[in-house]
Every structure is written in structure tokens, then in C-alpha cells.
Amino acid sequence: MLSNHTTEEDMLFTGTAGRKHMYFVCGEHLLRNRVYGKPLRILADPIAVPKGGATLSAVKEILNRLKAGFNVCMFPEGKRSFHGETIPSPESLGKLVKMAGCALVTYRIRGGYFTYPRWARDNHRKGHAEGKVVGIYSPDQLKEMTAKEITDIINRDTYENAYETQRREQWIYTGKNRAEGLEKVLFICPSCGGMDTISTDGDAFSCTCGLRGVYDDYGFLKGEKLPFDNVLSWMRWIEPEYDRFVSRHGEDDLLFTEQDVLLYQMLDNYQNESILTGTLHVFNNRMTVEGTGSSEDKTEPGYEFCFRDISALSILYGNILLFTYKGKYYGLTGDSFRAWKCGRLWHLTKGDTDDRTKEM
């Protein structure tokens, strides 16, 4: 079963869609949680995929369980969308389905994006969410299709544009401090062009230039002279603006800094080891972190990560950057850390030109 990904509870939707038990493919970071990580590993025995790490072992485990006769549920996006539009799956997913040789069920969830936007600061909202089976395809049907045709079907069946749906349905989502966290993704002002000039407070957001607005009960943005009424449109405008900003600078130019960022290493025993807390300097070709170490408050010499040597990268929530650097698995996080900026920069340095491939 393949489904779009809108909430942290999506497995509850897909899990009730079938009568038999399913093994879920989940982010490896969930198994590191100090509260529910161990019970999840023991009771659910999920197939873990490292965010920002290698996925080959997960693919092998998916195929092994399917061949053993078990059902597997996966959310191809691997993360919740920042803006409410489903992130397209690559053709490799169609190849995986053909390798599996089993039946395929597609599932779509609507409304979930607004209950807990990925950029939000741990503020859940009460409101409508629903899911349903879209398509059922037999092994014989899939055998006659190419990998691309299967991928196209998956992308069609699981596609959801939260704002298109919301304009029709007008579901209400209630909660506190609904705008807080928007500055992690809406970091360029459409009025003055300033970067990192947007701040949030409660349900409101504003720029130092005077632009103001609110995030309302329906998930839309309201404000005088505001050119966008939704997060999706604003982010789609930011993407090329940010790319042009990056292109105007040389490789060794400092693009921006982030304060109070924690650097840590993720170990094989599901534990995280803090390295240092300090300032992140982001250049066109690398990131450096300088600050105070976790042991005895000593000053560390600093760490440098060249983008060309980062083999895999992903973002957790809106402020955690996970990546593999020369075979080691690291994380960067901070309360106000805008991880999206670093993630897209990594894609740009790799030469990715398709906006869809730069989704985090």
C-alpha cells in the first residue's frame, strides 16, 4: 500500500483500510525517540529508513517481507510536505513495485496537512481529515506496465493539493499560535525582498518593512497588500528567488549564519551524541559549525562539511537537518534554525534543476 503523507498519524488511516496486518516503513529517527522509540521497535517492528542516510537496506527488507507473504505500507514522500502539495515519487518507486511482484493498493489522505503543518512549532490543530483507497492493481496488471507507468499511476492516485481541496471544502481548523513557525519556510518577504525578515507571533506574521498578515481558521493567509493567500504559492515564489540569491555568490562567499545550532552524531545503537552548540556558517559550497562542546563546556575547533561530500540529506520537521557525511550520520537543529535553506542549497550544488527533486 502506498499513500501520500500529511500527518504523523497517517498509519492510523492506512492501517484501518485493510483487514490484515501491515508492516510500516518509517523514518529511522522515530526509533530514536526516548519515549516511544523502543516500544515502537519491539511492538511494530517497522522497516526503518534513515532520513539523510542510505536506503538500500530498507529496500531489501521491504522485498524480503513481501516475498514472505506480509503486507507492507509505505509513504513514498518520506516526509510531510511543507506546503500541502504531494511530493512526486521518482521512477525508482515503479521499479520497486515491479521487483516486488505483488498487488498494489493506492491511498489518499485529505485535510491532514492543516491539522499539523510541518513548519509549525508543535501546535496541533483540531479539524477534518479523511482517507480512502483510490486504486487496487493486481500483479498481472502491474506486470504489463513499465516502471514509469506504475510511477505515474502512484503519483496520480496519491496526489493531493491541500489548498485546492480546502477552497472547495472550507473545513475549519482550530488551535493556538497557528502562524508560529512560518518563518522557517516563508523567509523571503514578497514586499521588500528581505531575507529572514519575517517573524511570527501567535496567529500573526510580519516583516520589518511593515507587511503583516494572519494565518486563519481555514489555513489561509489574510492581510492587506499580501500577494499570496496560502503557504504553497508563497513557497513556490521563494524557490526561484532563493536560487537566484545563491547564484549571485561565489563558492567561498558566506550566504548566511544560524545561531544556537546543535550539531550531533547519530550512532548505530539508536542513540544521539551531542558534539557542540554554536554558530552555523553556510557558504555556497560548505557548512561550518563553531561553538562550545558538550563535555566540560570546552571550546571545540569547529567542524566543516563540504556539500559535495554529503551523500544524502533530509529535513525533519522544519528545524532539523539530517545528513550523511563521509560515512557518518549527523544532525543539525535549533529552535529558529531554517533547515530548508541548507537543504535546497545542497540540491543546487549537486546540480539538481527540477524543483520537484529539491523538496525536503
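Strand E15 (residues 310-316) and strand E16 (residues 320-325) run antiparallel and are joined by six bridges. The model is a predicted one. This briefing covers that pair of strands, helix H3, and the open sheet on which H3 packs.

**Hairpin E15-E16**

- E15 and E16 make up a hairpin, and three residues lie between the two strands.
- Tyrosine 317 sits in the turn and has a positive phi of about 55°.
- Across the pair, phenylalanine 323 in E16 is opposite leucine 313.
- Six of the seven residues of E15 are buried, so that the strand is mostly covered.

**Open sheet E3-E2-E4**

- Three strands form an open sheet in the order E3-E2-E4, and the pairing is parallel.
- E3 and E4 are the edge strands; each has a single partner strand, so one side of each has no neighbour in the sheet.
- From one strand to the next, the twist averages 25°.
- Three bridges link E2 and E3 in the parallel sense.
- Alanine 48 in E3 is the bridge partner of cysteine 26.
- H3 packs on this sheet and touches E2, E3 and E4.
- The direction of H3 makes about 160° with that of E3.

**Helix H3: length and faces**

- H3 (residues 56-67) has 12 residues, which should span 16 Å at 1.5 Å a residue; the C-alpha atoms at its ends are 17 Å apart, in agreement with that expectation.
- Which residues of H3 are buried? They are Ala58, Ile62, Leu63, Arg65 and Leu66.
- These buried residues lie on the same side of H3, because the arc they cover around the axis is only 165°.
- In an α-helix there are 3.6 residues a turn, so residues three or four places apart point the same way.
- Leu56, Ser57 and Lys67 are exposed, on the other side of H3.

**Helix H3: surroundings**

- The buried residues of H3 pack against three strands, namely E2 (22-27), E3 (47-49) and E4 (71-73).
- Helix H4 (91-100) is also among the elements that the buried residues of H3 pack against.
- Glycine 69, just after H3, takes a positive phi of about 100°.

Terms used
Residues are numbered from 1 along each chain as its sequence is written. This is a predicted model: local features need pLDDT of at least 70, side-chain atom pairs count only at pLDDT 80 or more; totals for chains, interfaces and linings use all residues. Side-chain values use heavy atoms; hydrogens and water are left out. Buried means under 20% relative accessible area, exposed over 50%, partly exposed in between (1.4 Å probe, protein chains only). Helices (H or I, at least four residues) and strands (E, at least two) are DSSP runs, numbered from the N terminus. Two strands pair if DSSP finds at least two bridges between them. The expected span of a helix is 1.5 Å times one less than its number of residues. The arc is that of the directions from the helix axis to the C-beta atoms. Contact means heavy atoms within 4.5 Å. Axes are lines fitted to C-alpha atoms, for helices over the stretch in contact, and angles run from 0 to 180 degrees between N-to-C directions.
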